[in-house]
Amino acid sequence: MRPLQGREVGADRRLPAIDRCARWLEELGATVVDGDQLSCGDVRVALPGAGDDPVALGCEAGVYDGPVGPARWHPLDVPGCVAAAWAGLGLLAATLDTGRGGSIREGSVPVLDAAITASELSALLVDDPPRGWEPVRWAASPWVGTYACADGRWVQLHAGLPSHLARLLRHPLVDGALAGLVSPETLTDPLRVGSPREAWRQRRALRALFRRHPARRWEEGLGGDGLCAVMCRTEPESRAMFPDVRAVEVRTLDVPLRVPSPPDGRPLGGLRVVDLTQVIAGPTAGRALAALGAEVTKVVDPGARQGWVEAFRAAFDAGKRILPLDLRTEAGRASLHALLRDADVVIHGFRPEAADRLGVSDAAIRRHAPAAVIGVVSAYGWDGPFGGWPGWEQTAQALAGTELDYGRGRPDLVPLPATDLCTGLLLALGTVAALVGGRAARVDATLLGTALELRRGAPGRTAVRRAGLKTVLGRRPELVRRVQRPGLGALTEIGVPLSMAGVERFPEPGPGAVVPDRVPRRVAGTLPWVGVLVGGRIGG
């Protein structure tokens with residue numbers, strides 16, 4: 001049984017963003033009828049701007065802007081997807097609140113505001129990056145990039161984790177070709193390569209290495225062994241290969257949820273969430289639930305040392321209580337299991353083997369929280385050609401054809417983490433749908449499903465103009481704030497685009513929030529990395 005079965009949703013399906021949201025709700029079981037904006041029972045959510053020209057709106061929001069240079073078209077409907085996700089979240093969260101006697105009835109998601117929030121990472125860099133951030137150095141790493149292969153096709157590699165780099169270096173297909181090229185500093189954090197000279201040498205070696213074999217062999221050899229490497233495909237190739245992939249799917253169980261907490265003025269007030277995710281997609285889901293009023297406890301690995309992973313916590317752990325637990329230890333797992341006993345929702349991004357090892361498989365969670373909604377984010381789902389393979393924003397864009405279209409045949413990454421962000425929002429949407437359905441459930445969201453969803457209904461190739469993020473943010477001052485954070489300095493933050501009673505525009509960092517390592521930034525030290533980054537884009 002689907003979670004929204006028996007629910008009737010009114011929607012003005014002439015408006016693309018509302019039609020997109022209505023389609024998602026239909027897939028979750030709702031019956032959609034003609035209506036004004038978006039409604040369910042007494043709850044109504046408006047989407048101002050839903051009928052505006054999507055290209056003009058995207059330009060106004062800056063979604064076609066890159067870090068430098070003129071704006072470039074990309075094949076993604078960022079405004080429509082983000083607005084639809086937040087509208088659906090608001091509608092279902094308020095429906096859940098009214099079902100327990102609450103009074104929240106109305107909300108609004110301006111499509112322009114939703115589009116602007118997709119640039120939240122860029123906003124953190126609009127003046128000075130937070131202390132500890134080295135965005136140019138991270139982007140210049142040769143261990144995350146596209147490489148031409150023997151057959152003229154391309155492979156997207158992501159070896160940005162120390163464990164993945166170590167395994168790549170030992171892989172039989174590599175066959176010692178990279179021996180002696182990787183410093184201890186790079187082995188510790190592959191996105192923080194020891195020096196520009198080292199990065200140049202590694203990129204040259206990787207280019208020569210990937211030209212040894214066709215792209216499919218690299219994909220099968222590396223990806224099949226649990227590393228992050230996929231052949232760049234066109235959108236038709238991807239849809240033919242993954243005909244059943246979905247952005248979000250909910251499977252309900254015949255177990256009723258716990259008695260809900262009484263209303264407290266927040267849509268999800270009293271809901272207890274355990275967030276075991278990392279980087280962007282999963283943490284976005286937890287942050288959205290926190291903004292809607294849930295009590296979110298984020299479990300973090302106290303031994304994590306990758307600066308770029310730590311840095312993302314500054315943006316995506318807002319509104320959460322931070323709890324360091326080492327799940328590799330018996331004591332850490334015991335503490336987690338105690339936490340699970342009070343949990344209504346548990347979200348994570350572990351593959352089955354890791355989930356079993358760390359004590360967070362579905363069976364392990366349900367021993368302690370039988371009525372919980374379990375949300376899992378994955379790269380490509382658990383079945384199908386790449387079932388259970390690891391992946392990232394970059395590999396999802398590569399598989400969905402986004403990189404090839406953006407680069408006009410030569411793969412190039414759209415410099416916007418739209419796949420990650422929308423996957424997180426859709427995981428949250430599926431989670432709240434399960435709560436509305438009143439039964440324990442398993443919710444799955446996939447990066448590839450979202451990457452293909454972003455392409456659905458997107459404007460065709462056309463001329464676009466650069467807006468400039470500072471100009472964009474200046475037009476919507478109520479959506480932006482400048483704050484000082486200990487250890488990070490002054491930050492520009494973009495708030496939640498949903499206006500609704502009880503929803504925090506700017507969720508505050510919770511107790512124990514992580515402060516990234518403070519690495520001194522010097523312009524003289526950054527310029528050589530700019531050369532490495534530009535050279536990496538020019539070479540093959």
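A salt bridge here is a side-chain nitrogen of Lys or Arg within 4 Å of a carboxyl oxygen of Asp or Glu. With that in hand, let's walk through some close-ups of this predicted model.

**View 1. D77 and R20 meet in a salt bridge.** The closest N and O atoms of D77 and R20 are 2.8 Å apart. D77 sits in the loop between α2 (54-61) and α3 (78-99), while R20 belongs to helix α1 (residues 16-27), so the contact joins distant parts of the chain, 57 residues apart. Both D77 and R20 are buried. Look around this pair and you will find a network of salt bridges that links R20, R23, E27, D77, R246 and E453. In total, the structure holds 36 salt bridges.

**View 2. D412 and R72 form a salt bridge between two loops.** Their side chains come together at 2.9 Å, N to O. D412 lies in the loop between α18 (402-406) and α19 (418-437), and R72 lies in the loop between α2 and α3. These two residues are 340 residues apart, and their pairing links distant parts of the chain. How do the partners compare in burial? D412 is buried, with a relative accessible area of 16%, whereas R72, at 32% relative accessibility, counts as partly exposed.

**View 3. R13 and D19 make a salt bridge.** Here the side chains meet at 2.8 Å, N to O. R13 has 30% relative accessibility and counts as partly exposed. D19 is partly exposed too, with a relative accessible area of 27%.

**View 4. Three strands build an open sheet in the order β6-β7-β8.** The pairing in this sheet is antiparallel. Which strands stand at the edges? They are β6 (144-148) and β8 (228-231); each has a single partner strand, so one side of each is left without a neighbour in the sheet. Direction ignored, neighbouring strands are turned by 20 degrees against each other on average. Zoom in on β6 and strand β7 (residues 154-158), and you can follow their antiparallel pairing over 5 bridges. A handy landmark is T146, which stands opposite Q156 in β7.

**View 5. Helices α9 and α10 lie across strands of the sheet.** Helix α9 crosses β6 and β7, running at about 45 degrees to β6. Helix α10 (residues 215-223) lies across β7 and β8, and runs at about 155 degrees to β8.

**View 6. Helix α9 spans residues 196-210.** This helix of 15 residues reaches 21 Å from its first C-alpha to its last, close to the 21 Å expected at 1.5 Å a residue. Which residues of α9 are buried? They are E198, A199, Q202, R203, A205, L206, R207, L209 and F210.

**View 7. W86 and L89 touch the most other members of the largest nonpolar core.** That core has 135 residues. Leaving aside residues up to four places away in sequence, W86 touches V109, A288, L425, V496, P497 and L498. A second, separate core has 25 residues, including V174, V182, L206 and W218. You may recognise L206 from the previous view, where it is among the buried residues of α9.

Technical notes. Residues are numbered from 1 along each chain as its sequence is written. This is a predicted model: local features need pLDDT of at least 70, side-chain atom pairs count only at pLDDT 80 or more; totals for chains, interfaces and linings use all residues. Side-chain values use heavy atoms; hydrogens and water are left out. Helices (H or I, at least four residues) and strands (E, at least two) are DSSP runs, numbered from the N terminus. The expected span of a helix is 1.5 Å times one less than its number of residues. Buried means under 20% relative accessible area, exposed over 50%, partly exposed in between (1.4 Å probe, protein chains only). A nonpolar core is a set of buried Ala, Val, Leu, Ile, Met, Phe, Trp, Tyr and Cys residues joined through side-chain atoms within 4.5 Å. Contact means heavy atoms within 4.5 Å. Two strands pair if DSSP finds at least two bridges between them. Axes are lines fitted to C-alpha atoms, for helices over the stretch in contact, and angles run from 0 to 180 degrees between N-to-C directions.
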